[in-house]
Amino acid sequence: MNNPVSKIVVIGGGLAAANAVAELREQGYSGAITVVGAEPHLPYERPPLSKGLLLGTEQPESVFVHDRAWYDDHGVELRIGVRATALDRERGRVLLDDGELDYDRLILATGSTARRLPALEAGDIPVRYLRTLDESLALKEELTGRLLIVGAGWIGLEIAAAARQAGAEVTVVENAAWPLLNVLGPELAPLFADLHRGHGVDLRLGTAVAGVQGSEVLLSDGTRLRPDLIVAGVGAAPADELAAAAGLATGNGVLVDARLATADPAVFAAGDVANQAHPSLGRVRVEHWDNAIEQGRHVARSVLGDQAPYTRQPYFFSDQYDLGMEYLGHVGRDGYDELIVRGDRAALNLVALWVRGGTIVAGLHLNDWDAADSLRLLVGSTPDDLDALRDETVPLPRPSED
Ligand code: FAD
C-alpha cells in the first residue's frame with residue numbers, strides 16, 4: 001500500500017457493510033472504521049424477512065450479522081439511524097443528516113430499495129412493500145383476509161407462501177406468462193405456477209393491474225378484486241443517488257471495475273448497489289445475499305490494496321412451502337442453447353444445467369441438496385463430456401474429498 005489508510009467510512013448498514021468491516025479487521029487493518037446506516041437497526045440479513053420472520057419460525061433477534069458488542073470489541077463506530085446526504089470527494093468528506101465525516105477510503109454499500117408503484121396507491125386499499133425488518137414485522141401481522149400480491153418474483157412468491165401458511169386468501173397478479181420466467185425460462189417456470197396453485201394461490205398470469213379505485217382493483221383482463229391489502233413485489237432499484245450526485249459513474253448501480261473500485265481511487269462499492277465489470281460475466285449487478293457477503297469481504301481487501309478481481313459466480317436460494325432451491329451462475333443476455341434437466345419435475349426434485357457453447361453458465365437444484373457441491377464444480381466449467389451430464393444414470397461429478 002503506497003499511502004497508509006487510517007480512516008475508512010462505509011455508507012450503508014447492511015450485509016455488505018457488516019462483512020466489509022469484519023474483513024478489514026481480519027486483514028489486520030487497525031485504523032478507524034465508521035459505518036453509516038440509515039435504518040435504526042444493527043446490520044441484518046434480509047432473506048428471513050420474506051421467509052422465517054413472516055412465518056414466525058425465526059425471531060427478529062436472529063437476523064443480525066453481529067451483535068452490538070461485536071462492533072465495540074472490534075473498534076467499529078456505528079452511526080445507525082443516520083443518512084449520508086452527499087459526498088465531497090475533493091475533501092474526502094461524507095455529509096450526514098447530523099454532521100459530517102472525513103475518510104481516506106470510502107465504501108458505498110447502500111444496497112437497493114423496493115420499486116414502488118404509485119398507481120397502486122391511488123385507492124383506499126393499503127399498499128405494502130417488503131425491504132426492511134420493520135416492514136416485515138408489520139406485514140406479518142397483516143397476513144390475514146384477502147391479500148393481493150403484485151409481481152410473481154422471488155419476494156412476491158415467498159410472501160404468497162407465507163400468507164397461505166398463515167391462512168390468508170391469496171391472489172398473485174403477474175404480467176409475464178409465468179412466474180420467475182426471466183430466471184427459470186419457460187421450461188421450469190411453470191413448476192412454480194403449479195406449486196403455488198397447488199397451495200391454493202389464485203395465480204393470474206399474463207395479467208396486470210389496470211388501476212385502483214376506492215376499494216376495488218381493476219385487472220387488465222377486466223376482473224375486479226376487492227382485497228384487504230396489496231403487497232407489491234416488483235423488484236428493486238440500486239441506491240446509487242449519492243454516487244451519481246458526486247459525479248461517480250453510475251448506470252444501474254455504481255460502476256466499479258473487477259476489484260470493486262470506482263474511477264476515484266478512494267471510493268469503492270459492494271453488494272446490491274455495485275455494478276461490477278466481472279471478469280467472466282461482463283457488467284453485472286447482483287441482488288443476492290451471497291454476493292453482499294462475498295463482495296463485502298472482497299471490497300475490504302481491495303481497499304487495503306489487494307489487486308485481485310472478484311470472480312465469484314452469482315448464487316441465491318429461496319424457500320417456498322416445502323420447496324428449497326439454490327441457483328448458481330448467470331445466463332445473461334446471450335442466453336443458452338441447451339437446458340439439461342435431471343430428476344423428477346412433478347416431485348419438484350431435480351437439477352438443471354443451462355449450457356451455452358459447451359459451457360455450463362448456470363445451474364439449479366430443487367430440493368436436491370446433495371447436488372449443491374456438484375453445481376459449484378460444474379457452473380462456469382466446460383466439461384469434456386456433456387453426454388455424461390445428460391445421462392441420469394451417470395452420477396454428477398462431486399468435489400474430491402481431500
Ligand atoms: P442492503 O441490505 O439493502 O443494505 C443497504 C443499507 O444501506 C440499507 O439499510 C439502507 O437503508 C442503507 N442506506 C442506503 N442509502 C443510505 C445512505 N445514503 N445513508 C445511510 N444508509 C443508507 N437474496 C438471496 O440470495 N436469497 C434470498 O432468499 C433473499 N431474500 C430476500 C428477501 C427480501 C425480503 C429482500 C428485501 C431481499 C432478499 N434477498 C435475498 C436479497 C439480499 O437480501 C440482498 O441482496 C442483500 O441484502 C444486499 O445487501 P447490501 O448490504 O448490498 O444492501
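**Two open antiparallel sheets and their helices**

In this predicted model, strand β4 pairs with strand β5 (residues 93–96) in the antiparallel sense, over 4 bridges. Within this pairing, Leu87 stands opposite Val94 in β5. Both strands belong to an open sheet of 3 strands, in which the order is β4-β5-β6 and the pairing is antiparallel. The edges are taken by β4 (84–88) and β6 (99–102), each of which pairs on one side only. On average, neighbouring strands of this sheet are turned by 20° against each other, direction ignored.

Another open sheet comes next. Here 5 strands are arranged in the order β22-β23-β26-β25-β24, again with antiparallel pairing. Its edge positions belong to β22 (315–320) and β24 (338–344); each has a single partner strand, so one side of each is left without a neighbour in the sheet. In this case the average turn between neighbouring strands is 15°, direction ignored.

Inside this sheet, strand β23 (residues 323–329) and strand β26 (residues 359–366) run antiparallel and are joined by 5 bridges. A residue pair helps to locate this partnership on the structure: Met325 stands opposite Leu366 in β26. Helix α5 (residues 154–165) packs on the sheet, where it touches β22 and β23, and the direction of the helix makes about 25° with that of β22.

A further helix completes the picture. Helix α6 (residues 181–198) lies across β22, β23, β24, β25 (349–356) and β26. Relative to β25, helix α6 runs at about 160°.

Methods:
Residues are numbered from 1 along each chain as its sequence is written. This is a predicted model: local features need pLDDT of at least 70, side-chain atom pairs count only at pLDDT 80 or more; totals for chains, interfaces and linings use all residues. Side-chain values use heavy atoms; hydrogens and water are left out. Two strands pair if DSSP finds at least two bridges between them. Axes are lines fitted to C-alpha atoms, for helices over the stretch in contact, and angles run from 0 to 180 degrees between N-to-C directions. Contact means heavy atoms within 4.5 Å.
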